[in-house]
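Welcome, and please get your viewer ready. We will move from one selection to the next and look at what sits at each stop.

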Amino acid sequence: MKHVRLAVQKSLGTCLLFIFLLSPTLAETVTKACKESGYTLTAYYNECVQPGDAVFMRLVLTPLKKSKKFSLRNTAGTLSLQHAPQADSALSAKTLRTAAFYPLPALQKKAVTSENLLSGLPLSSYLEEGLYTLCVTFTTSTGETQTLLLPLTVIPKEFVHETIPLDDRNTSIKTNYSKERIDQINRLNAILEARNTENIFSLNAFQAPTPATRRTSFFADRRIYAYSSGKSATSLHYGIDYGVPEGSEVRACADGKVVLAEDRISTGWSVCIEHLPGLYSLYYHMSTLEVAVGDRVHAGDKIGRSGATGLATGPHLHWEVRLNTEAVSPDFFTHDFTFEKTVRATFSDR
């Protein structure tokens, strides 16, 4: 087991800080016991990522035994992605992404209750490889503010480049700038921008929306659309395309609430499901829908059947995941990205 001491920007009392590397998930656990403040902080996060992934961090705050100095109420904080500071530069680190933590249901073991906070940051598929810093800032109910600077490594990833010829029908869809299509885009964007911190529907790993394994397109493919008119346009593919026959069952990737179910010009019959604050899954180009807005679904529930509606060169299912409005790799979410199993297993052993 790996033990590494980290520098903490501001300490609270007598503190011990360790990192435990948990393979093979490339997750790291940072534990900090602040004795004079009356609690122990454990931060779980994925230390190694690829461009287009996300970074999730879970903070678990547990009062020390018989401590009367710390209350679990009203703890708040933010998670920020920064360039790693350079020793030869006097410039401060530039912040690239920031997201607030939100509370999760408390964990309880006998008379001890731990508060859980979760935050997720989307990473651009154009993010350069190298070393970055995660800045964790939180304020407890006692008014004490703590800042942790933790390492993040971005490893390289190759993306597919492809040219897709479009016939007259698909060209007309791709170049449609009608008010109807703009309204559809704006309505979906408004849904994806919503971040209700009370909507905690699922903390489990996602499952693929189809048992099919043949992928005809991948996340963040760099595309050139060749129009039938002879013109072209560049684009980025925001999800994964599964090559499945029309009428194949499409299933929800996780528990959640249906927040969009309609026929759209560009994506055909479409469904959007909310899973966590700011975290949504989308399913495009279906032939039929079997859910409506407001429905609660569970992982594996049938939500429709695949098709070739909207801008499509053939039958397939497009599966997409958005975090804080940005498209991120769906594959990232097929492991314990909220550290739910890890945290509960660790807490149950105490």
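Is E326 buried, partly exposed or exposed? With a relative accessibility of 26%, E326 counts as partly exposed, because the partly exposed class lies between under 20% for buried and over 50% for exposed. Keep in mind on this tour that you are looking at a predicted model.

**Stop 1: the whole chain**

Before zooming in, show everything as a cartoon. The chain has three helices and 25 strands. It counts 350 residues, and 49% of them are buried. If you turn on a surface, about 16400 Å² is exposed, with carbon and sulfur atoms supplying 52% of that area. For a contact map, take residues at least 6 apart in sequence: 65% of their contacts join residues at least 24 apart.

**Stop 2: salt bridges across the sequence**

The whole structure contains 14 salt bridges. Return to E326 and add R97 to the selection. These two form a salt bridge, and their closest N and O atoms are 3.0 Å apart. E326 belongs to strand 25 (residues 326-328) and R97 to strand 8 (residues 95-100), so the bridge links distant parts of the chain, 229 residues apart. R97, like its partner, is partly exposed, at a relative accessible area of 24%.

Next, select R58 and E340. Their side chains meet in a salt bridge at 2.9 Å, N to O. R58 is in strand 6 (residues 54-63) and E340 in helix 3 (residues 340-348), so this pair ties together parts 282 residues apart in sequence. Here both R58 and E340 are buried.

**Stop 3: a salt-bridge network**

Now pick E249, R251, E290, K302 and R305 together: salt bridges link them in a network. Within this group, zoom in on R305 and E290, whose side chains meet at 3.9 Å, N to O. R305 is found in strand 23 (residues 302-306), while E290 is in the loop between strand 21 (279-289) and strand 22 (296-297), 15 residues apart. R305 is partly exposed at 27% relative accessibility, and E290 is partly exposed at 39%.

**Stop 4: strand 20 and its partners**

Select residues 268-276, which make up strand 20. How many of the nine residues of strand 20 are buried? Eight are, so the strand is largely enclosed by the rest of the structure.

Add strand 19 (residues 256-264), which pairs with strand 20 in the antiparallel sense over seven bridges. The two form a hairpin with three residues between them. To check the register, look for E262, which stands opposite S270 in strand 20.

Then bring in strand 21, which runs antiparallel to strand 20 and is joined to it by six bridges. V271 has Y283 of strand 21 as its bridge partner. The hairpin of strand 20 and strand 21 has two residues between the strands, and G278 in this hairpin takes a positive phi near 80°.

**Stop 5: an aromatic cluster**

There are eight aromatic pairs in the structure. Show F56, F206, F332, F333 and F337 as sticks; they form one aromatic cluster. In this cluster, the rings of F56 and F332 have centres 6.3 Å apart and planes at 25°, so they count as stacked. F56 comes from strand 6 and F332 from the loop between strand 25 and helix 3, 276 residues apart. Both are buried: F56 has a relative accessibility of 1%, and F332 has 7%.

F206 and F333 are another stacked pair, 5.4 Å centre to centre with 25° between the planes. F206 lies in the loop between helix 2 (179-193) and strand 14 (215-217), and F333 in the loop between strand 25 and helix 3, so the pair ties together parts 127 residues apart in sequence. F206 is buried at 5% relative accessibility, and F333 is buried at 0%.

**Stop 6: S125 and charges over rings**

Select S125, in the loop between strand 10 (112-122) and strand 11 (130-139). S125 is buried, with a relative accessible area of 10%. Leaving out residues up to four places away in sequence, S125 touches P51, G52, F159, F219, A220, R222 and L236.

Keep R222 and F159 in view: R222 lies over the face of F159, at 4.2 Å from the ring centre. For a last selection, take R322 and Y238, where R322 lies over the face of Y238 at 4.9 Å from the ring centre.

Terms used: Residues numbered from 1 in each chain as written. Predicted model: local features only at pLDDT ≥ 70, side-chain atom pairs only at ≥ 80, totals over all residues. Heavy atoms only, no water. Helix = DSSP H or I, 4+ residues; strand = E, 2+ residues; numbered from the N terminus. Buried < 20%, exposed > 50% of the residue type's maximum accessible area, 1.4 Å probe, protein only. Contact = heavy atoms within 4.5 Å. Areas by Shrake-Rupley, 256 points an atom, 1.4 Å probe, with all protein chains shown as cover. Salt bridge = Lys/Arg side-chain N within 4 Å of Asp/Glu carboxyl O. Pairing = 2+ DSSP bridges. Phe/Tyr/Trp six-rings, centres within 6.5 Å; stacked < 30°, edge-to-face > 60°. Lys NZ or Arg CZ within 6 Å of the ring centre and 35° of its normal.
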